[in-house]
Amino acid sequence: MPETHAKQLEELLAHPSVWRGRSRAAVETFPTGFAALDAGLPGGGWPRHGLIEILTPQPGAGELYLLLPALAALSRLTPARWCTWVSPPHEPFAPALMAHGVALDRMLIVRTHLPLWAQEQALRSGACEVALAWLPRASPRAIRRLQLAAEQGRALGVLYRSRAFASDPSPAMLRVLLEPLADAGRHGARVSLLKSRGGSRDPIELEWAAAAA
Amino acid sequence: MHPRSYRLIFPEPATSSPGSSATPSVLRVRPASPPPKGPDSQGALQLPSRELWIAAHVPQLPLLAIATAESGAATSSAPLVIVDAADRNPRIIDADANAQAAGVQVGMTLGAAFALVPHLDARPRDAALELALMRRLAGIAATFTPQVSIEPPDGLLLEIKPSLSLFGGLRELCRQLRDACRADPVLAQTQVQPRFTLAPTALAALAAARAGARCFITDPNVLAARLKPLPLATLRWPEEENARLLGMGVRTLGELMRLPRAGFAKRFGVERLADLDRLLGRRADPRRRLVRRERYRGRLDLDHEIEDHERILEALRPLLTELEQFLRTRQRGITALQCRFHHYRAAPTSCTLRLAHPEANAGRLQSLLRERLANLVLPEPVRRCELRGGALSERPLASSPLWPAGERGHAPAGEMPALIEHLRARLGAGAVYGLTGVSEHRPENAWRVAEPALAPVVSKVSAGDLSVGAPFHRPLWLLHVPQELDSQRGRPRHGGELRLLAGPERIESGWWDGADVQRDYYVASNTHGARLWIYREYNASRRWFLHGIFG
């Protein structure tokens with residue numbers, strides 16, 4: 001009965017934890033709020049659980065605008081868990097977050113000199129929908145730990161790092177390079193997927209004005 | 001018998017018909033009453049015997065307290081009196097047998113007492129110790145009923161009606177209460193021997209106990225009759241009112257009850273009439289319960305000195321288990337736990353764990369202590385550990401969820417406060433906080449640090465209130481302190497010249513609270529394409545500042 005075997009094999013391969021070469025992995029995702037980005041990302045959105053890395057040349061490259069629709073959606077889930085911000089570079093400005101539809105009472109800011117430890121606790125605890133962390137440097141082993149913690153706590157971990165680390169190996173499931181558009185007339189950024197499980201290879205241009213409206 | 005010890009009076013129930021032996025001549029209470037005449041003659045008592053109060057009165061408590069405080073010291077044979085030191089013209093509040101024999105009376109001024117007995121030994125009262133003794137007594141009473149209240153300074157009230165079936169009836173309960181008071185070592189040492197009385201109302205029981213009368217009344221219908229012979233002073237009304245009543249020829253409660261209600265209320269106030277109604281059970285007399293303050297204290301002497309944090313935690317394990325047992329039996333949790341480590345020479349090291357919600361689980365407490373200990377520096381090895389729990393608080397019991405949090409939309413249960421506690425244990429309380437918006441024009445005042453909300457809250461301030469026009473004009477990042485920018489020919493620079501894209505938006509506010517701002521805000525773009533929120537002060541200085549970044 002070769003047909004049944006093939007069918008069983010297909011079922012097995014459709015399992016979310018199996019990832020085959022060039023195919024798109026079947027991961028649980030949710031929309032990013034940007035149609036162009038959804039089309040480029042594997043699974044059509046941000047992964048629901050796991051670790052992603054966003055590399056930026058400097059703060060202010062649009063790293064928050066990229067995640068704002070997702071943050072708004074996650075913080076408005078019922079029942080919603082925490083959205084933690086581990087050692088952010090400045091103060092998140094509450095009125096602007098509110099204006100973008102983010103539920104402030106789900107935000108938890110953590111100021112620490114141990115961002116790796118705090119991020120791991122947040123991801124592993126199961127109390128967070130999403131944990132954003134600004135890390136100066138981290139070894140691949142530490143990132144691997146965060147990846148495992150995120151899967152265990154069923155949370156989305158986001159690491160903000162400098163573009164200088166782009167060539168370092170990283171076990172994160174998705175790595176995104178974000179560069180602001182040089183054209184002063186448009187407020188947006190160019191998103192390149194450095195590493196993804198079957199995502200687009202071309203840079204995607206996004207405009208934040210569209211997201212804010 | 002010692003002069004300061006008193007016979008424990010716990011009278012037997014009256015076997016004869018109610019009121020017959022006591023004061024048959026003034027018995028005026030009848031189920032069907034004649035037209036109302038006096039304060040007590042409003043007909044049959046309306047309240048059935050819904051309540052039964054035991055009052056405990058400790059006679060000469062101030063004297064006993066002083067004697068306890070000085071036990072061991074050479075006791076002088078001089079007559080001893082206790083005065084209230086807070087009073088400007090001190091009066092005698094208690095006198096021992098010697099002093100009383102010499103003619104000193106309670107209520108006398110100290111000067112008068114000295115005139116009688118020149119070698120009098122006068123001491124100020126020790127109110128704290130008196131209260132401690134009453135609390136001790138209340139602690140014993142609390143094992144019989146939850147409704148215990150202290151009637152300062154020397155009375156205690158217990159409502160025992162609901163406990164009767166639990167303790168096998170009234171007589172058995174009274175016997176057990178008496179035995180428990182006798183068996184208590186502290187009370188025995190101080191010779192505190194309370195007088196107990198039983199009555200259907202709290203005030204009646206208390207009055208009888210103060211009078212030293214035998215009083216064991218369970219039937220509210222005989223209450224008024226049995227109270228009649230008691231002296232007026234047992235009500236402890238102000239001295240001045242007692243003197244006025246005495247001037248009217250009223251010496252006992254019976255004579256008091258005979259006064260006409262309306263006239264009595266007019267002369268002495270409605271509150272006094274209400275007192276009388278409470279005494280006779282015509283008016284409800286709720287009492288505030290005494291809540292016992294219980295804390296956990298554990299101590300462990302180690303066989304050998306320990307330096308290693310992990311091993312200290314291991315050593316604390318039995319104490320934590322004991323703490324968990326202590327909390328579980330009370331169905332309570334603690335929100336603060338203090339650890340003290342004693343060393344050979346150095347002063348004890350202490351660390352306090354604060355929790356976001358009541359906790360009773362030893363394993364969780366241990367894991368939090370581990371984080372807390374991680375940044376604790378011990379000057380010397382530890383010889384002894386002490387654990388002190390904070391105040392007990394209600395701990396809502398919940399069943400464990402089937403799914404882990406976040407799976408299948410399952411609500412997180414204890415994880416959310418647990419994460420905060422875990423982070424705070426290591427990083428300190430101020431390191432973890434939430435955000436809230438404030439309706440205010442000045443950007444630095446438009447948000448505030450808030451305690452993280454454990455339950456989702458409906459925000460009182462909506463986005464519309466925050467005076468944010470189009471959301472695009474408020475940055476996502478705000479700098480703690482505005483950063484001054486260089487400028488060249490009046491144009492701001494920040495790593496290259498800035499291009500102004502939008503603005504100005506003028507914000508001028510705060511002249512009334514000293515933090516006056518006068519600013520023109522612009523959106524600018526730097527050479528890398530990042531958008532910045534900058535402002536220019538439009539007072540004399542005209543300086544440029546960077547205040548936010550459009551993340």
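How many bridges join strand β5 of chain B to strand β6 of chain B? There are four, linking residues 148-151 to residues 155-159, and the two strands run antiparallel. Keep in mind as you look around that this is a predicted model.

Let's stay with this part of chain B for a moment. β5(B) and β6(B) form a hairpin, with three residues between them. One of the pairings is easy to find: Glu151(B) has Gly155(B) as its bridge partner in β6(B). The loop between the two strands holds Pro153(B). The peptide bond leading from Pro152(B) to Pro153(B) is cis, and its omega is near -5°.

Now for a wider view of chain A. This chain has seven helices and eleven strands. It has 213 residues, of which 51% count as buried. Take the contacts in chain A between residues at least 6 apart in sequence: 66% of them join residues at least 24 apart.

Two loop residues, one in each chain, are worth a visit for their backbone angles. Arg154(A) has a positive phi although it is a residue other than glycine, and Gln60(B), not a glycine either, has a positive phi too. The table puts them side by side.

| Residue | Phi | Loop between | Other C-beta atoms within 10 Å |
|---|---|---|---|
| Arg154(A) | near 50° | α6 (140-153) and β8 (156-162) of chain A | 21 |
| Gln60(B) | about 55° | β1 (53-57) and α1 (61-69) of chain B | 20 |

Are these residues buried or exposed? Arg154(A) counts as buried because 21 other C-beta atoms lie within 10 Å, and a residue needs 20 or more for that. Gln60(B) is buried as well, with 20.

Terms used: Residues numbered from 1 in each chain as written. Chains lettered and ligands numbered in written order. Predicted model: local features only at pLDDT ≥ 70, side-chain atom pairs only at ≥ 80, totals over all residues. Pairing = 2+ DSSP bridges. Buried ≥ 20, exposed ≤ 12 C-beta atoms within 10 Å, placed from the backbone. Contact = placed C-beta atoms within 7 Å.
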